[in-house]
Amino acid sequence: MSEKTLTRVDLSEAIFNEVGLSRNESAALVQSVLQHMSDALVSGENVKISSFGTFSLRDKNARVGRNPKTGEEVPISPRRVLTFRPSNLMKDRVSGQSQD
Amino acid sequence: MIRSELVQKIADENPQLFQRDVERIVNTLFEEIINALADGDRVELRGFGAFSVKQRDARIGRNPRSGESVEVEAKNVPFFKTGKLLRDRLNGKA
């Protein structure tokens with residue numbers, strides 16, 4: 001298995017190759033997709049992309065944490081976190097078992 | 001928000017594109033991420049987050065119904081880490 005890292009550039013290149021758009025338009029569309037997903041999440045909506053996965057928000061309560069290095073107690077304020085649950089299709093494609 | 005709503009928003013912003021092209025664009029983007037992960041690659045989208053693959057060792061699992069032991073094969077699982085900008089925005093800090 002390789003250790004390659006893809007970025008926005010690679011995603012827009014894929015769109016450029018697939019659809020007859022310019023590189024600039026492809027890049028703008030990638031950014032637009034990510035922006036709309038982020039905005040929906042920020043407004044408190046979960047984002048569910050069929051056959052890809054679901055981004056859901058969870059509210060965490062305040063708790064007392066501990067600095068693992070010093071052992072010192074530090075308060076952790078309540079916060080909202082994002083979790084991603086991959087679709088079965090993604091899990092199957094990534095698992096390295098059975099097909100593919 | 002679901003996939004079709006995302007497609008609609010992009011289509012509304014880009015009246016020069018056919019809806020079916022917007023669908024292809026959105027499909028391509030998500031497929032490309034899955035393909036990368038299937039190859040064991042990472043996908044890093046600054047400000048949004050990063051998708052990566054984690055390895056899970058083989059283990060002895062248990063059928064919760066029968067209590068029977070079953071061997072679970074080693075496998076790779078997708079993982080997403082939220083980007084700093086998005087994490088801050090979710091908490092009203094940016």
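These notebook entries record what I looked up for chains A and B of the structure.

**Entry 1. Status of the model**

I note at the outset that this is a predicted model. I therefore began with the confidence of chain A, where pLDDT is the predictor's confidence in each residue, from 0 to 100. The average pLDDT of chain A is 92, and 95% of its residues score at least 70. I then went through the elements of chain A: strand E2 (residues 47–49) of chain A has the highest mean pLDDT, 98. The lowest mean, 92, belongs to strand E5 (residues 73–76) of chain A.

**Entry 2. Elements of chain A**

I looked up the secondary structure and found three helices and six strands in chain A. From the N terminus on, I read their order as β-α-α-β-β-β-β-β-α. I compared the radius of gyration of chain A, 19 Å, with the globule rule, which gives 13 Å for 100 residues; the value is well over the rule, so chain A is more spread out than a compact globule. Taken along the principal axes, the C-alpha atoms of chain A fill a box of roughly 55 × 35 × 25 Å.

**Entry 3. Burial, contacts and surface of chain A**

I find 34% of the 100 residues in chain A buried, where buried means under 20% relative accessible area. Among contacts in chain A with a separation of 6 or more, 29% join residues 24 or more positions apart. I record an accessible surface of about 6,100 Å² for chain A, with 48% of it belonging to carbon and sulfur atoms. Chain A carries 14 positive and 12 negative side chains, and I note 8 Å between the centres of the two sets.

**Entry 4. Elements of chain B**

I turned to chain B and found three helices and five strands. Along the sequence, chain B follows the pattern α-α-β-β-β-β-β-α. For chain B the radius of gyration is 19 Å, well over the 12 Å of the globule rule for 94 residues, so I describe this chain as more spread out than a compact globule. I noted the span of its C-alpha trace along the principal axes as about 60 × 35 × 30 Å.

**Entry 5. Burial, contacts and surface of chain B**

Of the 94 residues of chain B, I find that 43% count as buried. Residues 24 or more positions apart supply 30% of the contacts in chain B with a separation of 6 or more. Chain B exposes about 5,700 Å², and I attribute 46% of that area to carbon and sulfur atoms. Lastly, I looked up the charges of chain B: the mean positions of its 17 positive and 15 negative charges lie 8 Å apart.

How values were computed
Residues are numbered from 1 along each chain as its sequence is written. Chains are lettered from A and ligands numbered from 1 in the order in which they are written. This is a predicted model: local features need pLDDT of at least 70, side-chain atom pairs count only at pLDDT 80 or more; totals for chains, interfaces and linings use all residues. Side-chain values use heavy atoms; hydrogens and water are left out. Helices (H or I, at least four residues) and strands (E, at least two) are DSSP runs, numbered from the N terminus. The radius of gyration is taken over C-alpha atoms; the globule rule is 2.2 Å times the number of residues to the power 0.38. Buried means under 20% relative accessible area, exposed over 50%, partly exposed in between (1.4 Å probe, protein chains only). Contact means heavy atoms within 4.5 Å. Accessible areas come from the Shrake-Rupley method with a 1.4 Å probe; for residues, only the protein chains shown count as cover. Lys and Arg count as positive and Asp and Glu as negative; His and the chain ends are not counted. The place of a charge is taken as NZ of Lys, CZ of Arg, CG of Asp or CD of Glu.
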